[in-house]
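Here is a short set of questions and answers on how some labels in this structure are reached.

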Amino acid sequence: KLEDLSVDEFLLSGAFDSAGEDESEEETPKQNGLNKKNKKKDLKSATSKTDENKKGKASEHKDQLSRLKNKDPEFYKFLQQNDQTLLNFDDTDSSEDEDEKKYHRLPSALEEASSGEDEEDGDEGPKASKKSKKAAEAIKVTDKMIEDWKAAMKKEPTPRLFREVTQAFKAAVATTKGEGGAQCRYKVADSSVFNALVLFCIRDIYVALQRMLNLKPDKDQKKLALPSSSPKWQKNQIDIKMYLSGVVQLLSCLTEATVISAVLRHANQLVPYYLCLPKQCRHLVKQLMKQWSTGEETSRVLAFLALNKICRHKQETYLNPILKQMYISYVQNCKFTSPNVLPMINFMQRTLTEMYSLDTQASYQHAFIYIRQLAIHLRNAMTMKKKETYQSVYNWQYIHCLYLWCRVLSTLHPSDVLQPLIYPLCQVIIGTIKLVPTSRYYPLRMHCCRALTLLSSSTNTFVPVLPFLVEIFQQVDFNKKPGRMSKKPINFAVILKLSKVNLMEKAYKDGLIDQLYDLVLEYFHTQASSIGFPELALPTVIQLKAFLKECKVANYCKPVRQLLEKVQENSNHITGRRQKAAFGVADATAVATWEKQIQEEGTPLSRYYSQWKKLREKEIQLEISGKERMEDLELPEIKRKKIQEKKTEDKKEFKDLFQSDSESDEDDAGLKIKGKKGSRGSDEEDLEDLSDMSDDEGMEGGDSG
């Protein structure tokens, strides 16, 4: 309103000048129209226009003076002559702007992206030089600095001290990659300093962190107090995160087994800290998985302990993905089996079983999916009947997976959740035995029978294993003389398939008798205290007696006769005890009590089995370590001289005796006769060479099969 304005404000507003008002009115819509267009097209011009609209009173006064030149040229000329400073008025001279300078002002125009990039490109040179200066100024870590840090940490760990140590540790870890060390505050140039720093961190950092965050050791081992519960956690989180990332990075770069073990022990201590930081924990799990599946023996155990700790304290987050990854790693490692690899596979089986025991509900889901997968492979092989589909079942990965699930169900028994999986697993294993029931796959049959025996004994489930073993006595002719001798026994533990040459060897039948003895005795031992043992043993007793009648080889009859005697002795013992029982067969509770009592007292077969097992384990250890029985005999080698060598020696010795012409004719005739024999001999040698090759191929096939 005009009445509210002072005289100066009224004059400055230009309200008395209608022409000026019209011009200003014409300018404003034009400006508004331009602004609307420019908002769509050009952000730069739009911001400059809006800035012009927001000018202060001083800038308005300057505009009015410029209009004065057109309206009153005489007065304007007068001002030029008398008061030049008034016309050369600048909006920066105003007192208001001086006040505004105290505060942040928006730029008159926004910078475009392209120009910004150009500027950045232009500034790269100086920035790079700054970085290089910083790199040059990086503090070199010395042994004295580490000693000082160690003393300070023991005295009183502070966040600042921890940050310094973390920065130095980061620089040390960066050297293992070969790059990135330049960006750190410190630099580690000497290997002895690197070792001292890493050793200091592994030994002292965990205790220092516990003291710094005021974390007390847990009284209850089941519940883990997370460091994030500490009020000082938030303040130190960035440094802790940096340190934990460094430990994982260090673990990924190391190759020396002892150092890896030391870092894994440290990582195991730091698991509560990793659990508070999901990203770092995922990276740790990845490295632990790698060590568990491919590392040295100690590293594998330590990695498993850390994985187990993570899963126990954060099951809902980590258990399922870790179980899945561990199973996949197990399958990948089972592709080939040898005496050296077998202990590692057994370790993976046992540790994986331990992981599955953490949560039976989750384990059921995994077991169901993977057993079903095995069953689908078997069904495809049975229906398609092609070599490729047979190979998808008759391989080490498949057999080791069957054995793993037998071990899992056996170890976790009794479990109402996993109980329904016993029957389908047994059916899959029996189907595997029946798929190709030929003599070449007897080793595979032995592995399947061993798995079924384990499952049957641990889950108190009757599985008909004996028919698959006893029928071998009928199928193989043990009286037939072997086609060839063998240098070493066949190790049935590490083969699935025998070659045709193996089937001709004496070692094949020797090994078969040993395996049958072991497996039949092992199965009967699991049923030794059963009330129905005499009826269970009867078909086997009949088969063994029939074999002893037919077999004429004393070395094969002796172990089978011993086995028969032990089985019959146990049958008589159970029959004698059973006659004294005062309950009926239908009374399941009384039967279970009776069987438990017999088991506690012991049976003749169980006593014999415990003695035999000790001796057998020693033999197996010798076989696994590669000390074959034949090597211990130290048989003398017969060195035969070649024919040419003999001739030259004879000529040297008797050169005076054989100088007549007739001798040369006899030599020619002898050579002709020898030539004929020689050709035949060479044919036989060629056959032997071929058979050796096929033998080797067969053994390789057996190993890889």
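Q: What makes K506 count as partly exposed?
A: In this predicted model, K506 has a relative accessibility of 29%. Partly exposed is the range between under 20%, which is buried, and over 50%, which is exposed. The value for K506 falls in that range, so K506 counts as partly exposed.

Q: Why is the contact between D510 and K506 called a salt bridge?
A: The closest N and O atoms of D510 and K506 are 3.1 Å apart. The cut-off is within 4 Å, so the pair qualifies. D510 and K506 both lie in helix 26 (residues 506-526), four residues apart, which is about one turn of the helix. D510, at 28% relative accessibility, is partly exposed.

Q: What makes E601 and R577 a salt bridge?
A: Their closest N and O atoms are 2.5 Å apart, and the limit is within 4 Å. E601 belongs to helix 29 (residues 588-601) and R577 to helix 28, so the pair ties together parts 24 residues apart in sequence. Relative accessibility is 43% for E601 and 22% for R577, and both values count as partly exposed.

Q: Why is R445 called buried, and E471 partly exposed?
A: R445 has a relative accessibility of 3%, and buried means under 20%. E471 has 26%, between the limits of 20% and 50%. The side chains of R445 and E471 meet in a salt bridge at 2.5 Å, N to O. This pair links helix 23 with helix 24, across 26 residues.

Q: How do you know that C281 and C311 do not form a disulfide?
A: The sulfur of C281 is 9.2 Å from the closest cysteine sulfur, in C311. A disulfide needs two cysteine sulfur atoms within 2.5 Å, so this distance is too far for a bond. C281 is buried, at 0% relative accessible area, and C311 is also buried, at 0%. The count of disulfides comes to zero.

Q: What makes the phi of K385 and of N460 worth noting?
A: Phi is near 50° in K385 and near 55° in N460; each is a positive value in a residue other than glycine. Most residues other than glycine have a negative phi. K385 is in the loop between helix 19 (360-384) and helix 20 (387-393), and N460 is in the loop between helix 23 (442-459) and helix 24 (466-475). K385, at 58%, and N460, at 69%, are exposed, because exposed means over 50%.

Note on methods. Residues numbered from 1 in each chain as written. Predicted model: local features only at pLDDT ≥ 70, side-chain atom pairs only at ≥ 80, totals over all residues. Heavy atoms only, no water. Buried < 20%, exposed > 50% of the residue type's maximum accessible area, 1.4 Å probe, protein only. Helix = DSSP H or I, 4+ residues; strand = E, 2+ residues; numbered from the N terminus.
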